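This report describes strand pairing in a predicted model. Please view the sequence and the structure together while reading.

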Amino acid sequence: MTAETRDSLNVSMLPQPGSPPVEWHVCDVQVDYPAALAEMESRAAAIADGTANERVWLIEHPPLYTAGTSAKEEDLVSPDRFPVYHTGRGGQFTYHGPGQRVAYVMLDLKRRRQDVRAFVAALEQWLITTLWQFHVRGERRDDRVGVWVRRPEKPGNAEDKVAAIGIRVRKWVTFHGISLNVEPELEHFSGIVPCGVTEHGVTSLVDLGLPVTMEEVDSIMRREFEAIFGETVSV
């Protein structure tokens with residue numbers, strides 16, 4: 001799927017009328033993964049209990065690897081390179097580090113659509129429309145999660161992954177989320193088999209020749225998020 005086909009898909013995850021806006025929080029310091037996980041767990045529980053608003057939390061991590069519920073140990077190529085965290089999100093191994101925008105998305109699907117597949121499709125579309133604003137054609141693939149770009153300048157039918165998705169849902173509240181490669185150190189991905197895919201590589205906006213800032217990316221991400229998920233408010 002490309003940006004031109006977005007209008008033909010029912011990816012809307014707008015909330016019920018009268019729902020409060022989603023809190024939009026951008027953290028300007030790197031956050032350790034255990035601290036982020038604890039914060040997500042706490043907020044997701046509070047959202048489920050009706051004592052907290054939905055939130056999107058945009059952060060960067062120090063270099064680390066995370067293992068999803070489908071991770072295979074043999075895909076951890078360099079186990080001693082960076083800290084490795086086993087997490088309850090879906091998916092396999094992925095890398096997080098500086099220059100990568102991680103967005104943890106904590107939404108109550110009971111207020112939206114109680115459809116996890118539709119939620120994942122909405123996250124993919126959010127990334128695709130964000131990339132399209134930078135004139136990058138992001139595409140989804142039926143056999144692998146994430147957002148991909150074709151690399152015709154490389155041999156064969158090369159494709160690189162520019163964004164990853166890994167979520168968890170508890171009591172119909174989502175947490176974990178997406179990561180978009182803005183300007184991470186791509187060599188750091190060599191310590192794992194990213195998402196278990198060996199035949200394709202990884203890329204970033206800067207690697208694609210787009211010297212954008214994280215602030216520019218955040219601004220576009222927020223606008224495109226609101227088109228699919230509804231109003232936000234800065235916190």
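## The three-stranded sheet

In this predicted model, three strands form an open sheet in the order S4-S3-S5, and their pairing is mixed. Strand S4 (84-86) and strand S5 (93-96) are the edge strands, each of which pairs on one side only. On average, neighbouring strands of this sheet are turned by 25 degrees against each other, direction ignored.

Strand S3 (residues 64-67) and S5 run antiparallel and are joined by four bridges. Which residue of S5 is the bridge partner of Tyr 65? The partner is Tyr 95.

In considering positions along such strands, a general rule applies: side chains in a regular strand alternate between the two faces of the sheet.

## Parallel pairing of strand S1

Strand S1 (residues 22-26) pairs with strand S12 (residues 232-234) in the parallel sense, through three bridges. Within this pairing, Val 22 is opposite Thr 232 of S12.

S1 also pairs with strand S2 (residues 55-59), again in the parallel sense, and here the bridges number four. Glu 23 has Arg 55 of S2 as its bridge partner.

## The crossover from S1 to S2

By what route does the chain cross from S1 to S2? The chain leaves S1, passes through helix H1 (residues 33-49) and reaches S2. This β-α-β crossover is right-handed.

Terms used
Residues numbered from 1 in each chain as written. Predicted model: local features only at pLDDT ≥ 70, side-chain atom pairs only at ≥ 80, totals over all residues. Heavy atoms only, no water. Pairing = 2+ DSSP bridges. Helix = DSSP H or I, 4+ residues; strand = E, 2+ residues; numbered from the N terminus. Axes fitted to C-alpha atoms, helices over the stretch in contact; angles between N-to-C directions. Right-handed = clockwise from strand over helix to strand, strands pointing away.
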